[in-house]
Amino acid sequence: MPSKIKKSAVQTRLQTQTRPPAQLPKAQSEPLQTPRGMRDILPQEEIFWKIATSRAAELSSAFGYGYIETPILEHKSLFVRGVGDVTDIVQKEMYCFKDQGGDELCLRPEGTAAVARAYINHGMLNLPQPVKLWYLGPFFRRERPQAGRYREFHQWSVEVLGDEHPILDAEVISLAMAFFRDLEIPVTLEMNSIGCLECRAGFKEELAKFYTPKRELLCDSCKVRLGSNRMRLLDCKEPQCEMLREGAPQTTDHLCDKCRDHFIRVLEYLDEVSIPYNLNTQIVRGLDYYNRTVFEIFPKIEKPEAANLPKIPESNETENSLSDSAVSSGEEKASDEKALGQQSALGGGGRYDGLVAQLGGRDTAAVGFSIGLERVVNVLKTLKPASSIAVPRLFVAQLGEAARRKALLLWHTLRKDVPVVAALSKDGLKAQLEIANRLNVRFAIIIGQKEVLDGTAIIRDMEAGIQEVVDYNRLPVEIKKKFAEEKKAIS
Ligand code: HAM
């Protein structure tokens, strides 16, 4: 009998599927963690990510920037040529591998070099200049993890390519500052100019004269920088190097006339739109492609609440502590505490007029910035409790099978006007209202057997604990009204 054969086949399959799995060796059955310095973004952070990313997208469009997305993987040579082979990023922090075809690829540590490559590849030189682009996505640097510093992080960036006018420096800076103003994050803008290749040649000589007699007192990295990357001597955060910096030559004293004029005009434009800034000659940036204007943006916040500090994943401890043999966990803890005191930049950028040519394109002036979204989210979390910024939501609760069916329908009707949550698989009303409380919803609709029969529903104000019975057909109108009043009350 075919049905019998079919049934027994299903049974056999079920039996094989439900057979208990063979006992795994202990080491393999232990739960895996994310790679060290990388983290999961969970629903409790959703509201903060939404606020930051939607503001970034809205501002980019409002300022007329076009969206670009480049691959997460690029050829290693892009970053060696673009970011610079003596930078920390290229020397120590990239995740690179050879693929099966022998290509040397890297997870992108930043996006500017890739955008410059795309500008060349897609003939954007032939478009009306300047070309204005924005992007948002993950980046990877194998840095030592600490508060606000991850091995995978996200940036919102804008790039303006094809024009050297100083108004564009002011434009991108004003766009970054508008982002922080809209999010009500108090920040300070630190400005500097590192000049062009010509003014920098003389400046590097001055740095060598100043630092060579002090060489033995510098940290190990700065001893190397003295030979190959002198500008970075100015922004080393090691205490002994900070102390030695007293009296060091300043970039702004060595600008040629053109670079000085360019910088003064950028500052005048910022004054024009009332954007305050500090001149900070220690801002030199860690990537080689910069020239002229460079800037960083710092949070103006006392000390983030310890409770809100991002947790550093402890995973892969063995593997990483082996490869990071110089880094003891004690040292890492100390650097966490240091990060609390010395605030990390929320964003940074500048002009990079030589990058497109360096990557094989024509001479193309350009300017841009990137903002680190993990850091923005961390600051938002310290400033605004999730409950104060959460969008008010509605919960649909039901009692009995007929009510459950009605609730499913209602969910789909009401979601067009308000965000709706429900726990339709639950039977008891108490359990459902507990979930509604946990989810911090503003109102709940309750439908039981009685309500199904007499065509009504209960609206419960979850804050006040007050309930009212309304006609089922009037629910959309009543709910819309309540949420509109709520919105008015919040604003
Ligand atoms: P950057 O200064 O290397 O610049 O990075 C910009 C921002 O990304 C930093 O200020 C910080 O907020 C965030 N960030 C960097 N590294 C990490 C990390 N390990 N963990 C968490 N956040 C991090 C650039 O990337 C340039 N591409 C900016 C630019 C665009 N210049 C011109 N156009």
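Reader: I'm just getting started here, so how far is a polar side-chain atom of Q155 from an oxygen atom of the ligand?
Author: Bear in mind that this is a predicted model, where local features need pLDDT of at least 70, side-chain atom pairs count only at pLDDT 80 or more, and totals for chains, interfaces and linings use all residues. Residues are numbered from 1 along each chain as its sequence is written, while side-chain values use heavy atoms, leaving out hydrogens and water. Q155 and the ligand make a polar contact (a pair of N or O atoms within 3.5 Å), and the distance from the side-chain atom to the ligand oxygen is 3.0 Å.

Reader: Which residue offers a side-chain N or O atom 2.9 Å from an oxygen atom of the ligand?
Author: Look around the ligand for a side chain with an N or O atom facing one of the ligand's oxygen atoms. The residue at 2.9 Å is R141.

Reader: And which residue uses a polar backbone atom, 3.4 Å from a nitrogen atom of the ligand?
Author: There are 26 residues around the ligand (each with a heavy atom within 4 Å), and the closest are E110, E143, Y150, E159 and Y290. For the ligand's nitrogen atom, the partner at 3.4 Å is a polar backbone atom, and that atom belongs to F369.

Reader: On to the helices: how are α3 and α15 arranged, parallel or oblique?
Author: Helix α3 covers residues 43-62 and α15 covers residues 373-383 (helices are DSSP runs of H or I, at least four residues, and strands are runs of E, at least two). Their axes come within 9 Å and cross at roughly 120° (lines fitted to C-alpha atoms, with angles from 0 to 180 degrees between N-to-C directions). Under 35 degrees is roughly parallel, over 145 roughly antiparallel, 65 to 115 roughly perpendicular and the rest oblique. That angle therefore makes α3, relative to α15, oblique.

Reader: How many nonpolar residues does the contact of α3 with α15 have?
Author: On the α3 side, E45, F48, W49, I51, A52 and T53 meet L373, E374, V376, V377, L380 and K381 of α15 (contact is heavy atoms within 4.5 Å). By class, there are 1 polar and 3 charged residues, and the nonpolar count is 8.

Reader: What is the rough crossing angle of α3 and α7?
Author: Helix α7 runs over residues 166-182, and its axis comes within 10 Å of that of α3. They touch through A52, R55, A56 and L59 of α3 and L175, A178, F179 and D182 of α7. The axes cross at roughly 140°.

Reader: Which helix meets P166, I167, D169, A170 and I173 of α7?
Author: The partner supplies H262, R265, V266, Y269 and L270. Its axis and that of α7 come within 8 Å and cross at roughly 45°. Spanning residues 257-272, it is α11.

Reader: Now the backbone: which peptide bond is cis, with omega near -5°?
Author: Check the loop between α6 (112-121) and β5 (131-140), where P130 lies. The cis bond leads into that proline, running from Q129 to P130.

Reader: Last one: what is the approximate phi of R285?
Author: You'll find R285 in the loop between β8 (278-279) and β9 (291-299). Its phi is positive, in a residue other than glycine, and lies near 70°.

Note on methods:
Nonpolar A, V, L, I, M, F, W, Y, C, P; charged D, E, K, R; others polar. Polar contact = N/O pair within 3.5 Å; in protein donor to acceptor, adjacent residues only side chain to side chain.
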